[in-house]
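This explanation leads the reader through one protein chain, from its overall make-up to single pairs of residues. Please keep the sequence and the structure in view while reading.

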Amino acid sequence: MDDSIKQALIDRFRGYLDMVEDGEEPPDDPGETADLFSVLVEMAALRSEVRTESRLVKEALEQFRGVFDSLQASQATLQRELDRARTETRDQGRSALRPLLLDVIDLRDRLVAALTLSAAARPRWRDRLWRRDRSGVAAWQEGLRMTLRRLDQVLLDRRVVATQLAGLPFDPRLARAIGTAADSSVAEGTVIKEVRAGFRWDDQVLRTAEVIVSKGDAGKGDR
């Protein structure tokens with residue numbers, strides 16, 4: 001009970017005792033005093049109930065905070081597991097797809113070689129003599145080109161692109177030098193020609209290129 005309420009009750013009781021000592025009659029109607037006591041008792045009970053409810057609410061909030069912290073920790077653990085599983089699945093998928101992509105690249109090499117040979121081949125003397133129609137050869141070459149474009153699109157859809165190193169400094173991470181050639185028009189160590197194209201898959205090297213590298217002007221040492 002609040003101290004001010006206690007003091008008010010004490011003062012009222014003290015006044016009542018003074019009235020008795022002075023021979024005065026206490027008031028006939030005790031309703032006002034009874035109502036005051038009832039209000040005080042109800043206030044005291046209400047205050048106690050509020051304290052109890054506040055304690056229960058505080059305990060509930062502490063329990064909720066504990067549950068929330070546990071849920072946060074569980075969610076973080078679950079997210080890590082999902083990320084790990086996603087990474088493993090992607091790595092496994094890449095491992096399974098890599099040989100297939102290399103097979104497509106090998107087929108592409110064969111098509112490029114066939115086109116190169118057919119373009120460089122000269123007609124036989126009998127064909128030149130009789131001026132035979134070469135439309136069949138042209139159609140065959142166009143078919144090879146269409147197939148080559150289709151393979152290039154398949155590779156591009158899977159984020160596989162040719163490295164195209166000609167004219168760039170030699171990088172052993174991307175290419176393997178299979179020969180050198182003197183070329184004073186470029187700096188020493190520059191890739192002059194790609195004998196076999198290299199390919200990258202996203203940020204990884206799928207196949208290293210085979211290149212010819214410049215060794216500078218061979219005649220400079222004789223001057």
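Two strands count as paired if DSSP finds at least two bridges between them. The model shown here is a predicted one, and in it six bridges join strand E2 to strand E6, the two running parallel. This pairing belongs to a sheet that is described further below, once the chain as a whole has been introduced.

The protein chain contains four helices and six strands. Read from the N terminus, its elements follow the order α-α-α-α-β-β-β-β-β-β, with the helices placed ahead of the strands in the sequence. Of the 223 residues in the protein chain, 17% are buried. The accessible surface amounts to about 17100 Å², and carbon and sulfur atoms supply 56% of that area. Among the contacts with a sequence separation of 6 or more, 67% are between residues 24 or more positions apart.

One such pair of distant positions involves helix H2, in which Leu 102 lies. Leu 102 and Leu 206 are separated by 104 residues in sequence, yet their C-alpha atoms are 7.7 Å apart in space. Leaving aside residues up to four places away in sequence, Leu 102 touches Leu 206 and Arg 207. Leu 102 has a relative accessibility of 31% and therefore counts as partly exposed, since that class lies between the limits of 20% for buried and 50% for exposed.

The sheet may be considered next. How are its strands ordered? The sheet is open and consists of three strands in the order E2-E6-E3, with mixed pairing. Strand E2 (175-181) and strand E3 (191-196) stand at the edges; each has a single partner strand, so one side of each is left without a neighbour in the sheet. Neighbouring strands in this sheet are turned against each other by 30 degrees on average, with direction ignored.

In general, strands of a sheet pair through backbone hydrogen bonds, in either a parallel or an antiparallel manner. Both arrangements can be followed here from strand E6, which spans residues 209-214. With E2, strand E6 runs parallel, and on that side Thr 180 stands opposite Val 213. With E3, strand E6 runs antiparallel, the two being joined by four bridges. Two positions illustrate this second pairing: Glu 194 stands opposite Val 211 in E6, and Arg 196 stands opposite Glu 210 in E6.

Is strand E6 mostly covered or left open? Strand E6 is mostly covered, six of its six residues being buried. In a regular strand, side chains alternate between the two faces of the sheet. In E6, Ala 209, Val 211 and Val 213 point one way, whereas Glu 210, Ile 212 and Ser 214 point the other way, and all of them are buried.

The account now turns to charged side chains. How many salt bridges does the structure hold? The structure holds nine salt bridges. One of them links Arg 110 to Asp 106, with 3.2 Å between the closest N and O atoms. Both residues lie in helix H2 (residues 31-120), four residues apart, which is about one turn of the helix. Arg 110 has a relative accessibility of 57% and so counts as exposed, while Asp 106, at 34%, counts as partly exposed.

A second salt bridge is found in helix H4 (residues 135-157). There the side chains of Arg 145 and Glu 142 meet at 3.6 Å, N to O. Because Arg 145 and Glu 142 are three residues apart in helix H4, about one helical turn separates them. Arg 145 is partly exposed, with a relative accessible area of 34%, and Glu 142 is partly exposed at 34% relative accessibility. Glu 142 and Arg 145 are also linked with Arg 149 in a network of salt bridges.

A further salt bridge joins Arg 173 to Asp 171, the closest N and O atoms lying 2.9 Å apart. Arg 173 has a relative accessible area of 66% and is therefore exposed.

Conventions:
Residues numbered from 1 in each chain as written. Predicted model: local features only at pLDDT ≥ 70, side-chain atom pairs only at ≥ 80, totals over all residues. Heavy atoms only, no water. Axes fitted to C-alpha atoms, helices over the stretch in contact; angles between N-to-C directions. Salt bridge = Lys/Arg side-chain N within 4 Å of Asp/Glu carboxyl O. Buried < 20%, exposed > 50% of the residue type's maximum accessible area, 1.4 Å probe, protein only. Contact = heavy atoms within 4.5 Å. Areas by Shrake-Rupley, 256 points an atom, 1.4 Å probe, with all protein chains shown as cover.
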